[in-house]
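Reader: Hi! I keep meeting terms for how helices pack, and I would like to see how they are earned. Could you take me through them?

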Amino acid sequence: MIRPQNPSSVTLAQLAAQFALVAHAQPGWEEIAVTGVCADNRQILPGEVFLAVPGARVHGAIFADAAIAAGAAAVITDRAGVELIAADIPVLESANLDKELGNISAAILGNPAQQLSCYGVTGTNGKTTIAFMIDYALRQLGRRSGLSGTVVLRLLDEEITAQLTTPQPADLQMMLARLVELGGQDFVMEVSSHALAQGRTRPIKFDIAGFSNLSQDHLDYHHGLSDYFAAKAQLFDSKNSRRAVITVDDTWGRKLAEMSAAARPHATAILAVFTELPEHDDAVVGWQVKNIAITATGSSFQLVSTDGRELAMHTKLPGDFNVANAALALVMLLEAGFTPAELTAALHGEISPVIPGRMEVVGTAPRVVVDFAHNEAALRKAIGALRDTTAGKLIVVTGSAGERDKEKRPLMARAVCELADMLVVTDDDPHSEDPAQIRQDLISGIPLAANWVEIADREQAIQWAILQAQPEDTVLLAGRGHETVQEVGGHSIQIDDRVVARAALASREAGATQ
């Protein structure tokens, strides 16, 4: 857990007064000062508050004794948690714990987000790439930034592997406090729909919020696309962001832009990449991408705004969807106040950060690419990005995660078969689901004339695809990207698609030289 090394402190009396907490404690509790907050009893340090939160299976209050033994100075919980705790340390009860977790955590740590410029990116696809691009540009501009997303948590040069796209409230606020302590100026975050629905980012008010696109995903959690959209749209409420940049290439983006423009036109900018700018209020800034030139070595394009700004840029990241990703990242920076001249000078006309597991090329002859694409729209974009630069066949190895949206599985397989030359159906992260049934769900979407094979074991599937491929072919390993642990029936299996692919390529090379 990332935490500040020299934290500030707040008294329990101050917290109780600010959040109307009811104290269950012996006299003198009011003057106890706390220096941090944690919802995991295994990571709590002396002097911190333990947040005893109800979970999906058990209430966190059952771990209060362990947290107290580790040095917790107080426990904050709800009414159900109070009834489970018998402790000598103060227990403070919140009537709205689920809504106040972030606010309480931030108050304990001195509201660190208020001392940073915050960028929040949401959408179905592209969040990781866009966040990496913003962070990369900020660093090139000489700024001291932090990044939170699916791949990594990074504070200046401190880096740890991410567990969730958007951290839980206590973890997030501790991380922000550490970033401030290190002298950070900016914070870039991928904001997931789950996090928005659960209020994990409260009370951060993002200076710039960006929307990429929306397509079917996470419908195991959300009740249909409208509910999924509503969760994303929360980021663009004036309570959660100061300015919005919205890509309007799809129906959902145009709907969000209309909502934002109606509510706060002077705080809304819209971006059209592959479509024309729709009619909009004069108070809304419009950005149009022009002169797109896509080659095997990347893409060049130009950004032009309705208020007279222009910026030319190139990215080595493959595919037209990375033009859209780069355009949104750049417009978010421009709307944050950086000038085209500043970005041109800092980036030298090029925005191409290395992004683990995002269209990451791990071998040539055959070309092997690892990508996180795990829904129909992302697969279509990834395959489309590789199709024109593949001289031979395009082979796709993919599966689908268990305990997730089942409806997308046949759509994924159909998309691959329509666009690629070969589909290898394999396992992704089955979790507690039957892997064979997940594969069958995928197979049910395969057209009759398609070329496909089923290889359950992912490592074997990757090896087979690479060893079967011809030098002029492309093998796309889709679905897991940067991930290194596969969850199967309660067991964790170490597997990194990139490592397996490199081993298969080495084996292929060794066989060719014998």
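Author: Happily! We start with a term: contact means heavy atoms within 4.5 Å. In this predicted model, Leu 101, Gly 102, Ser 105 and Ala 106 of helix 4 meet Pro 169, Ala 170 and Gln 173 of helix 6 in that sense.

Reader: What makes three residues of the contact of helix 4 with helix 6 polar?

Author: Ala, Leu and Pro count as nonpolar, while Gly is placed among the polar ones. The contact therefore divides into four nonpolar, three polar and no charged residues, with Gly 102, Ser 105 and Gln 173 as the polar ones.

Reader: Why is helix 4 called roughly parallel to helix 6?

Author: The axes of helix 4 (residues 97-108) and helix 6 (residues 169-181) cross at roughly 30 degrees and come within 8 Å. Angles under 35 degrees count as roughly parallel, so helix 4 is roughly parallel to helix 6. Their crossing is right-handed.

Reader: Why are helix 10 and helix 11 called oblique to each other?

Author: Helix 10 (residues 320-335) packs against helix 11 (residues 340-347) at an angle of about 130 degrees, and their axes are 10 Å apart. Roughly perpendicular runs from 65 to 115 degrees, and roughly antiparallel needs an angle over 145. The angle fits neither, so the two helices are oblique to each other. This crossing, too, is right-handed. Helix 10 brings Leu 330, Leu 333 and Leu 334 to the contact, and helix 11 brings Pro 340, Leu 343 and Leu 347.

Reader: How do you know how the residues of the contact of helix 10 with helix 11 divide?

Author: Leu and Pro both count as nonpolar. The contact therefore has six nonpolar, no polar and no charged residues.

Reader: What makes helix 13 oblique to helix 14?

Author: Helix 13 (residues 408-419) and helix 14 (residues 435-443) have axes 6 Å apart, at an angle of about 55 degrees. Roughly parallel would need an angle under 35 degrees, and roughly perpendicular begins at 65. Helix 13 is therefore oblique to helix 14. Their contact is made by Arg 409, Pro 410, Met 412 and Ala 413 of helix 13 and Ile 438, Asp 441 and Leu 442 of helix 14.

Reader: And which kinds of residue does the contact of helix 13 with helix 14 divide into?

Author: There are five nonpolar, no polar and two charged. Asp and Arg count as charged, so Arg 409 and Asp 441 are the charged pair.

Terms used:
Residues are numbered from 1 along each chain as its sequence is written. This is a predicted model: local features need pLDDT of at least 70, side-chain atom pairs count only at pLDDT 80 or more; totals for chains, interfaces and linings use all residues. Side-chain values use heavy atoms; hydrogens and water are left out. Axes are lines fitted to C-alpha atoms, for helices over the stretch in contact, and angles run from 0 to 180 degrees between N-to-C directions. Helices (H or I, at least four residues) and strands (E, at least two) are DSSP runs, numbered from the N terminus. A crossing is left-handed if the near helix is turned anticlockwise from the far one by less than a right angle, and right-handed if clockwise.
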